[in-house]
Amino acid sequence: MGRLKTMQEAAFNFISLFSNDIGIDLGTATTLVYARGEGIVLCEPSVVAIQKGTNNVLAVGQEAKRMLGKTPGSIVAIRPMKDGVIADFEITESMLRYFIKKVQAKRVLVRPRMIISVPSGITEVERRAVKDSAYRAGAREVFLVEEPIAAAIGVGLPIEEPQGNMVIDIGGGTTEIAVISLAGIVFSRCIRIGGDEMDDAVIEYMKKNYNLMIGERTAEEIKMKVGSAYPLEEETDIEVKGRDLITGLPKLVKVNSEEIRQALDPPVREIIEATKVTLERTPPELSADLIERGIVMCGGGSLLKGLDKLIGDETGLPVIVADDPLTAVALGTGKVLEEIKYLKKISLASSS
Ligand SMILES: Nc1ncnc2c1ncn2[C@@H]1O[C@H](COP(=O)(O)OP(=O)(O)OP(=O)(O)O)[C@@H](O)[C@H]1O
Ligand SMILES: [Mg+2]
């Protein structure tokens, strides 16, 4: 028995030597790839530019994002992931294939095993879609891991201990709030509200209050530069360029950070409410742990100025933003790749 096991392990290590196993955070806004033994090797926007009316891919990632909203009639830039899940199956597959090829330029002897993070609330059908895409894009084996668990591992929380840990991951399409203990999710809530809704809220605000039509990229820029969830020490102004809805001409208006905070309030409130619901549903023993351990925030949305402070005020708990909130989930998938013990414990049951 012992010998057999050693042989199996040797075979496993041998195969690992030639295959480039990867962890993927397939996000609504950004896709990150972690290669075993190397770390994060790719971080690009989840955007694909295609020839209109066809599925001909013209550009993927960074290059495609630059085209977003600025494409001539014959080209469309698509974000194939929406609300954290696959909205366009074929395009997602092309995107995955492109990214995988890009990180595997050197070694292609054995097809890779892949660990892909998915929102904790997704349906069986949605899971299937992610797996199928990965297989068709060239995976040998696919494992799915729930994003909050990957995030918690990524930021280094002691998830295997019998202790409550709370993670809030605010992405582009979703916000996931989870309480984790003993390597499992005790309670989680996934709302389809994230950075994208914040951008939409800014677009709506400019339309309603200034008759100004702005694009997604401009809205995101405003949010990142002057957006906030809590009064700033110094409120600032920003010049916003767009198209006047009445005259149809380009127009420039000045907006201040207090107005943008007001614009962002509805999505921010939803995140606060979901956090409170999660806390209400948490078993008392674990709630007690949270008083000391607090909440860890990650995901790009956690960078919204003052959001940590507001959540701290509203919940009365200490809140920390992860050191590198944008890579937490990808790093977590990477740690799972490096340590097979995690994989057995936390990968979602596979039905393939
Ligand atoms: N400094 C910032 N302030 C506010 N929002 C930010 C900042 N930096 C990034 N974001 C937002 O974070 C979001 C992207 O975060 P992230 O990369 O974690 O999402 P994702 O993992 O692709 O999405 P999901 O997990 O929902 O699939 C975008 O909406 C982006 O605008
Ligand atoms: Mg994410």
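## Shell around ligand 1

Helix H7 supplies three residues to the shell around ligand 1, the largest share. The model is predicted. Two elements give two or more residues to this shell: helix H6 (195–210) and helix H7 (216–226). In total, 21 residues surround ligand 1. Those that come nearest are Thr28, Ala29, Thr30, Glu220 and Lys223.

By domain, the shell draws on both domain 1 (164–193 + 267–321) and domain 2 (195–264). Each gives at least three residues.

## Residue classes

Polar residues number twelve in the shell. Five residues are nonpolar, and four are charged.

## Polar contacts

Lys223 is among the residues that come nearest to ligand 1. An N or O atom in the Lys223 side chain lies 2.6 Å from an oxygen atom of the ligand.

Two glycines contribute through the backbone. For Gly172, a backbone N or O atom is 2.9 Å from an oxygen atom of ligand 1. For Gly301, the corresponding distance, again from a backbone N or O atom to a ligand oxygen atom, is 3.3 Å.

## Burial and pocket

How much of the accessible area of ligand 1 does the protein cover? On its own, ligand 1 has 650 Å² of accessible area, and the protein covers 91% of it. The ligand sits in the largest pocket.

Key
Residues are numbered from 1 along each chain as its sequence is written. Chains are lettered from A and ligands numbered from 1 in the order in which they are written. This is a predicted model: local features need pLDDT of at least 70, side-chain atom pairs count only at pLDDT 80 or more; totals for chains, interfaces and linings use all residues. Side-chain values use heavy atoms; hydrogens and water are left out. A residue is near a molecule or strand if one of its heavy atoms lies within 4 Å of it. A polar contact is a pair of N or O atoms within 3.5 Å; within protein, one must be able to donate a hydrogen and the other to accept it, and residues adjacent in sequence count only if both atoms are side-chain atoms. Accessible areas come from the Shrake-Rupley method with a 1.4 Å probe; for residues, only the protein chains shown count as cover. On a 1 Å grid over the protein atoms alone, a cavity is a set of points where a 1.4 Å probe fits but cannot get out, and a pocket is an open set with protein on both sides within 12 Å along at least five of seven lines; lining residues have an atom within 4 Å of a point. A molecule sits in a cavity or pocket if more than half of its atoms lie within 2 Å of its grid points. Helices (H or I, at least four residues) and strands (E, at least two) are DSSP runs, numbered from the N terminus. Ala, Val, Leu, Ile, Met, Phe, Trp, Tyr, Cys and Pro count as nonpolar, Asp, Glu, Lys and Arg as charged, and the others, Gly among them, as polar. Domain bounds come from an automatic or database domain assignment.
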